[in-house]
Amino acid sequence: MKTGKLGRTVLDARALNRATLARQHLLTRADTTVTEAVAHLCGLQAQEPQEPFTGLWSRLSGFRPGQLDEALTGRTVVRTHLMRRTVHLVTADDALAWRARHDAMLRQRVLGTYRSELAGIDLDEVAAAGRAVMADRQPRTMRELVQALEDRWPGPPRRALGELLVAALIPMAQLPPRGLWQRTSGVRNLPMATWLERDIDPLPADGDDPVGQRLLHRYLAAYGPAAGADLRAWSGLAGLPAAIKAARARGELVVLRDERGRQLLDLPDAPRPDPDTPAPVRFLPAFDNAILGYHDRSRIIDAPHLGLSVAGHRTVLVDGRVTATWTVRDHHLRIAPLRPLTTPEQKAVHTEAQALATFLAEDIEQIHLDTGA
């Protein structure tokens, strides 16, 4: 870290990396509950149901899979479509507080995907019909919900109509056993307000955006320092510049710079560790938001490997950066480095892999680290 010409702190990639690791509980495992961790992280991306378990194991001291199971069955954490129209695990409180702020984005993204298939459909009419079907409080698969409505809307493909209903028009929770430890289960949907027995918070009628302002603060606490483009990339939301402008006007943020001169925002007292702070090896699941939570991901992954972050590859952090991928297949945990590893790095990766193998409890018989030899 250094001071620029305008007196603003300039953060190099390593400084940004260590700040990210600290906020993401990847520099030191946190001693906190699952629900508190999910809240701090602003949710975990979870379209692959088993992946959040590894994400939490890498972040929390003494994490046990049953703790997340209890949060899901106890309804303090919920699976739902939210940021970027992807399935996330979020706390019940955040799901109810954030959903209305995401409604327009969710609709736009579904309509953008199925523009021709859904052309001319009255969205309010479809939403009302879907809610009427779900009013009996019975969980349904997407297929079952579409079957109940397809006589009225026979034109659109089932997939398009189904995604419109469950990912955009009706705030849905995906019910357990979906997402429980080592359980295989299809998606059964129930309106979120029914599952959580609480109404979704409405947006204020006066045009104020307290939800956007709280999202900004929460995002920076878990991902900062970051640019406005990073916040938009993580959330998928437009309209957040107004929240940023209001927060800056109130003096709630500090302005920093990266080495390219890009303006970064942060909370004044948020941790920004020394860039030389050692970073332990960490195994990340597919689609981890420590990587996907930014527009500019250079703080944690090199440009040639950016495709890994959206293709569902599980990754390994060495010295804080994506340095390998990992898979479990045929009782083998295989690690494929993206660059040559030093002997100490190999030992550290193997040690953490052994701990991961014990956690996964998949009868892993061998850990294979490809050294290129």
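This passage looks at two pockets in a predicted model and at the residues that line them.

Take the largest pocket to begin with. The space inside comes to about 310 Å³. Its lining is made up of 14 residues. Nearest the centre of this pocket sit His81, Met142, Arg159, Gln174 and Val187. As for secondary structure, two elements each put at least two residues into the lining: strand S4, spanning 77-81, and helix H8, spanning 158-169. H8 is the top contributor here, with 4 residues. Sorted by class, the lining of the largest pocket is a real mix, with 5 nonpolar, 5 charged and 4 polar residues.

Next comes the second largest pocket, with a volume of about 160 Å³. Its walls are built from Arg131, Met134, Ala135, Ile170 and Pro171, together with Pro191, Met192, Ala193, Thr194, Asp199 and Ile200. Helix H6 (123-134) and helix H9 (192-196) are the elements that hand over two or more of these lining residues. H9 gives the most, with 3 residues. In terms of class, the lining of the second largest pocket splits into 8 nonpolar, 2 charged and 1 polar.

Put side by side, the two linings read as follows. Around the largest pocket there are 5 nonpolar and 5 charged residues, while the second largest pocket has 8 nonpolar and 2 charged ones. The main supplier of lining residues is H8 for the largest pocket and H9 for the second largest.

Terms used:
Residues are numbered from 1 along each chain as its sequence is written. This is a predicted model: local features need pLDDT of at least 70, side-chain atom pairs count only at pLDDT 80 or more; totals for chains, interfaces and linings use all residues. Side-chain values use heavy atoms; hydrogens and water are left out. On a 1 Å grid over the protein atoms alone, a cavity is a set of points where a 1.4 Å probe fits but cannot get out, and a pocket is an open set with protein on both sides within 12 Å along at least five of seven lines; lining residues have an atom within 4 Å of a point. Grid points are joined across faces, edges and corners, and a volume is the space filled by probe spheres set on the points. Ala, Val, Leu, Ile, Met, Phe, Trp, Tyr, Cys and Pro count as nonpolar, Asp, Glu, Lys and Arg as charged, and the others, Gly among them, as polar.
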